[in-house]
Amino acid sequence: MKNLFASKTVKLGLSAIAITALLLVVLILVNSLVGLLPKNITLADASENKMYSISDAAKRDIAKVKDSVSIYLLTSGGESTLSETGTHLDTFLKRAAARNGKLSYNVIDLYTDSAFLSERGIDSSTVTSLSVVVESELRYRYIDSADIFYYYIDGIGKVSKSDAQMYQYYASMYGTTLEVLYQFDGEAQLTSALSYVTSDSLPLIISLTGHGETALTATLKNQLTALGTSFSELATLTIVPGCEMLIINGPTSDISANEASLISQYLKKGGKLMLTTASGISAFPNLTSVLADYGLSYADGVIIDPTQGNYYTYPNWLMPTSNPHSSTAGITSSLLLPSAHAIIVEDTAGINTSCLFNTSSASYIIPVESPSAEKPEGAEEASYPVGVI
């Protein structure tokens, strides 16, 4: 037996076993050490262009969070059913949460946890898979997957996947190539949500609803709250302290004299009003009295702009020129204004007015009920403001 173990073959075999055992020990030790490392180190961004990495600015924003915040990834089947895109988002959120001990992260399977949405008052009919909920003791924010993953076309802007495919299809019909960029905006959405849910107080935006106004879209409301504001709708106006901006969107009836007085007082104290109007505002004396304080009035009729490139399909569907201003900076897509009226601007002491959007100098005005877009006899051609600040 002694000679058997003394043979060269057996010695080599025992050496191999010893080496294998040593490698196993090393692997186990390495795995154990890796398990002790923070997830923001062990969960690397495996994407080709590192689009899911966390920037230094975002790291600082995450580190500033002092309150307990829960981050939830909403799925249709749990973590095991995640697509490649979902896996990248899952890894990104894990790495982000691991950077601050106040943050926790969980994957929610909406099939098995149906009460998650109802407990928070989230409309299940609007929820999409791979959306995210960021929640503190104060409030929560729902981030739709369409705001996390989207497509971008230069000159058009942010579009959905289906719209991007449509644009590419029509471009191919005309023998042109349309570049569509796939974008991941998870970092900006997450840091904005963290700021929103941990702020002690939020600037208030009020939208007036009691005068036949056009309802604001869910997209616009989401963008407003993404800026770190709270949003409220009022049928009867009562300006409250802390109101950052008042929105009146396309009213079809006049505001009351009391509301006009409240708005005027609010603006004189530095308040902000975003007002969109359609033809017929001249019949609203209370609303127009507010505008008169700022040298603004209304021109009856609909603008026709016959200049190629300044309208879409019909010459009353205006695509006005955008003028340089801080409030229009970053706009990459065209503004479409169907059947717009002109804004008359008069010099008023103490008031500085800038034109944000205007038509071409070949534009003219026709009556609202005109059966034709032809220029009426004696109509003046001019560049008309259709958006001012």
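Leaving aside neighbours within four places in sequence, D90 is in contact with L73, E79, L82, Y105 and V107, and this residue lies in helix α5, where it is buried with a relative accessible area of 3%. The structure described here is a predicted model, and its protein chain holds 389 residues, of which buried residues make up 35%. The chain contains twelve helices and 21 strands. Among contacts between residues at least 6 apart in sequence, 70% join residues at least 24 apart. The points below begin with the surroundings of helix α5 and then move to other parts of the chain.

**The largest nonpolar core**

- The largest nonpolar core has 29 residues, and those that touch the most other members are L89, L93, V132 and V134.
- Two or more residues of this core come from each of the helices α4 (56-63), α5 (84-97) and α9 (186-198), and likewise from each of the strands β1 (69-75), β2 (103-109) and β3 (131-135).
- Another core, of 20 residues, lies apart from the largest one, and its members include L208, C243, L246 and I263.
- As general background, nonpolar side chains in soluble globular proteins tend to be buried together.
- L93, when its neighbours within four places in sequence are left aside, is in contact with I71, L73, Y105, V132 and L190.

**Helix α5 against helix α9**

- The axes of α5 and α9 come within 11 Å of each other and cross at roughly 40 degrees, and the two helices are therefore oblique to each other, since this angle is neither under 35 degrees nor in the range of 65 to 115.
- The crossing of these two helices, α5 and α9, is right-handed.
- On the α5 side the contact is made by F92, L93 and A96, while α9 contributes G186, E187 and L190.
- Sorted by type, the residues of the contact of α5 with α9 are four nonpolar, one polar and one charged.

**Helix α11 against helix α12**

- Helix α11, residues 257-268, and helix α12, residues 285-292, have axes that come within 9 Å and cross at roughly 15 degrees, which makes α11 roughly parallel to α12, because angles under 35 degrees count as such.
- The crossing of α11 and α12 is right-handed.
- The residues that make this contact are A257, A260, I263, S264 and L267 of α11, together with N286, S289 and V290 of α12.
- Of the residues in the contact of α11 with α12, five are nonpolar and three are polar, with no charged residue among them.
- I263, one of the α11 residues in this contact, is also listed among the members of the 20-residue core.

**Residues with a positive phi**

- L130 is not a glycine, yet its phi is positive, at about 70 degrees.
- The position of L130 is in the loop between α6 (115-120) and β3, and with a relative accessibility of 13% L130 counts as buried, because the limit for that class is under 20%.
- D90 and L130 are 40 residues apart in sequence, and their C-alpha atoms are 8.9 Å apart in space.
- S339 is a further residue other than glycine with a positive phi, in this case near 50 degrees.
- The loop between β17 (337-338) and β18 (342-345) holds S339, which is partly exposed, with a relative accessible area of 31%.

**Two further buried residues**

- R120 has its place in helix α6 and, at 18% relative accessibility, counts as buried.
- When neighbours within four places in sequence are left aside, the residues in contact with R120 are Y72, E135 and Y140.
- Y384 is found in the loop between β20 (364-366) and β21 (385-388), and at 14% relative accessibility Y384 also counts as buried.
- Beyond its neighbours within four places in sequence, Y384 is in contact with I303, A342, F357, N358, T359, S363, Y364 and I365.
- For one of these contacts, I303, the separation along the chain from Y384 is 81 residues, while the C-alpha atoms of the two are separated by 8.2 Å.

Conventions: Residues numbered from 1 in each chain as written. Predicted model: local features only at pLDDT ≥ 70, side-chain atom pairs only at ≥ 80, totals over all residues. Heavy atoms only, no water. Core = buried A, V, L, I, M, F, W, Y, C linked by side-chain atoms within 4.5 Å. Buried < 20%, exposed > 50% of the residue type's maximum accessible area, 1.4 Å probe, protein only. Helix = DSSP H or I, 4+ residues; strand = E, 2+ residues; numbered from the N terminus. Contact = heavy atoms within 4.5 Å. Axes fitted to C-alpha atoms, helices over the stretch in contact; angles between N-to-C directions. Parallel < 35°, antiparallel > 145°, perpendicular 65-115°, else oblique. Left-handed = near helix turned anticlockwise from the far one by under 90°. Nonpolar A, V, L, I, M, F, W, Y, C, P; charged D, E, K, R; others polar.
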